[in-house]
Amino acid sequence: CSAAARSYNITLLPGDGIGPEVVAVAKDVLSLAGALEGVELRFQEKLVGGSALDATGVPLPDETLDAAKGSDAILLGAIGGYKWDNNEKHLKPETGLLQLRAGLGVFANLRPAAVLPQLVDASTLKKEVAEGVDIMVVRELTGGIYFGKPRGFGTNDKGEDIGFNTEVYSASEIDRIARVAFEVARKRRGKLCSVDKANVLEASMLWRKRVTALASEFPDIELSHMYVDNAAMQLVRNPKQFDTIVTNNIFGDILSDEASMITGSIGMLPSASVGESGPGLFEPIHGSAPDIAGQDKANPLATILSAAMLLRYGLGEENAAKRIEAAVTATLNHGFRTGDIYSPGTTLVGCKQMGEEVLKTVESLK
Ligand code: ATP
Ligand code: MG
């Protein structure tokens, strides 16, 4: 490495509920891990979600989107809460997140689901099945049946009400998500499973054809295909067979939630949304948890692990990412637990102290 520090601008979007608490902790971890690996990070903080609605009347102010677009990566806390569930203007905090994703052009959603050895008992599956599970679901985020046209309500020729949607994928949409997935698999264990319904759906037939054709560009990756019904079954029967999974928007929505439930630890799971160029968006998969907000009870590890994904997939800073992940592992080995992952014999800590324990470990790692 050169002596000159590599430097990046990070936009922090704390958001609502426990968002500000977990982002504050993750920022300190990110900053220290970066500094120790020769990476200088500069931070700017902006409003999004309910807090932006209260302050500006919209869930994604232009200033926030412009700042986010102009930075190298974005770390988001969480958005929403019952406070805004029935607001008069019918503007939802969650709209801010959809607008942010659209504005950034992020089409690939990366959701890891790993069963950590220290938390294997939290898994919804039997210990023998859960042990060692380490899956990454790569979900297409901006196409498919959630966006396809035509869509709507109407009547059929019997005069009965109907609702209809359309699954559409173009070759270029498939190629770009597949490329991301092959690259992700390359950074992991080199196995990619493409999930589709190519025995029934034309959009899936094209999907399988394009993914298969791309495989020649990635001879080091072992590619397989699976129908989605079988994949849903295999995820609970023998999840260890999977490394990286790539799939369309709707199947990915379902399978990524299924995979995260295997771990049983919502407070531990990070995510990334990335595009072709431009900054990626990194956030924990959990929501704003209004029931525990402001009480220093939130588990910050999902956001800290999102910061590690930011370094790896957003900035290409693998060493700093590894340093954070190793620190999280070590902190769990030291026995520290927030309430959501507590078990007898471990040490119960709050959000802030969990952050301090991770910071100590980040510093002490070689
Ligand atoms: P959203 O619709 O925003 O996804 P949600 O209602 O689906 O929200 P969460 O806000 O994620 O779900 O909360 C679900 C439950 O998990 C709540 O009881 C919450 O307290 C708990 N929880 C979520 N995240 C954390 C965390 N980081 N630490 C501790 N508990 C958490
Ligand atoms: Mg939810």
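Here is a short walk through this predicted model, one selection at a time.

**Stop one: strand β11.** Start by selecting residues 270–274, which make up β11. Five of its five residues are buried, so the strand is largely enclosed by the rest of the structure. Turn on the side chains and see which way they go: Pro-270, Ala-272 and Val-274 point one way, while Ser-271 and Ser-273 point the other. That fits a general habit, since side chains in a regular strand alternate between the two faces of the sheet. Whichever way they point here, these residues are buried.

**Stop two: the neighbours of β11.** Now add residues 108–114, strand β4. Strands β4 and β11 run antiparallel, with three bridges joining them. To see the pairing up close, pick Asn-109 and look across to Ser-273 in β11.

Next, add β12, residues 280–284. Here four bridges link β11 to β12, again antiparallel. What stands opposite Ser-273 in β12? It's Leu-281. So that you can follow the chain from β11 to β12, select the turn too: the two strands form a hairpin with five residues between them. Gly-278 sits in that turn and has a positive phi of about 85°.

**Stop three: past β12.** Keep going into the loop between β12 and α10 (301–314), and click on Ala-289. Most residues other than glycine have a negative phi. Ala-289, though, has a positive phi of about 40° and is not a glycine. Is Ala-289 buried or exposed? It has 23 C-beta neighbours inside 10 Å, so Ala-289 counts as buried.

In that loop between β12 and α10 you'll also find Asp-296. Asp-296 isn't a glycine either, and its phi is positive at about 55°. With 15 other C-beta atoms within 10 Å, Asp-296 is partly exposed.

**Stop four: ligand 1.** Show ligand 1 and the 15 residues around it. Which of them come nearest? They are Gly-267, His-286, Gly-287, Ala-289 and Asn-299, so you've already met one of them. Colour the shell by class and you'll get six nonpolar, seven polar and two charged residues.

**Last stop: a cis bond.** Finally, jump to Pro-150, in the loop between β5 (134–140) and β6 (152–155). Most peptide bonds are trans. The one from Lys-149 to Pro-150 is cis, with omega near 5°.

Key
Residues are numbered from 1 along each chain as its sequence is written. Chains are lettered from A and ligands numbered from 1 in the order in which they are written. This is a predicted model: local features need pLDDT of at least 70, side-chain atom pairs count only at pLDDT 80 or more; totals for chains, interfaces and linings use all residues. A residue is near a molecule or strand if its C-beta atom, placed from the backbone, lies within 6 Å of it. Ala, Val, Leu, Ile, Met, Phe, Trp, Tyr, Cys and Pro count as nonpolar, Asp, Glu, Lys and Arg as charged, and the others, Gly among them, as polar. A residue is buried if 20 or more other C-beta atoms lie within 10 Å of its own, exposed if 12 or fewer, and partly exposed in between; C-beta atoms are placed from the backbone. Two strands pair if DSSP finds at least two bridges between them.
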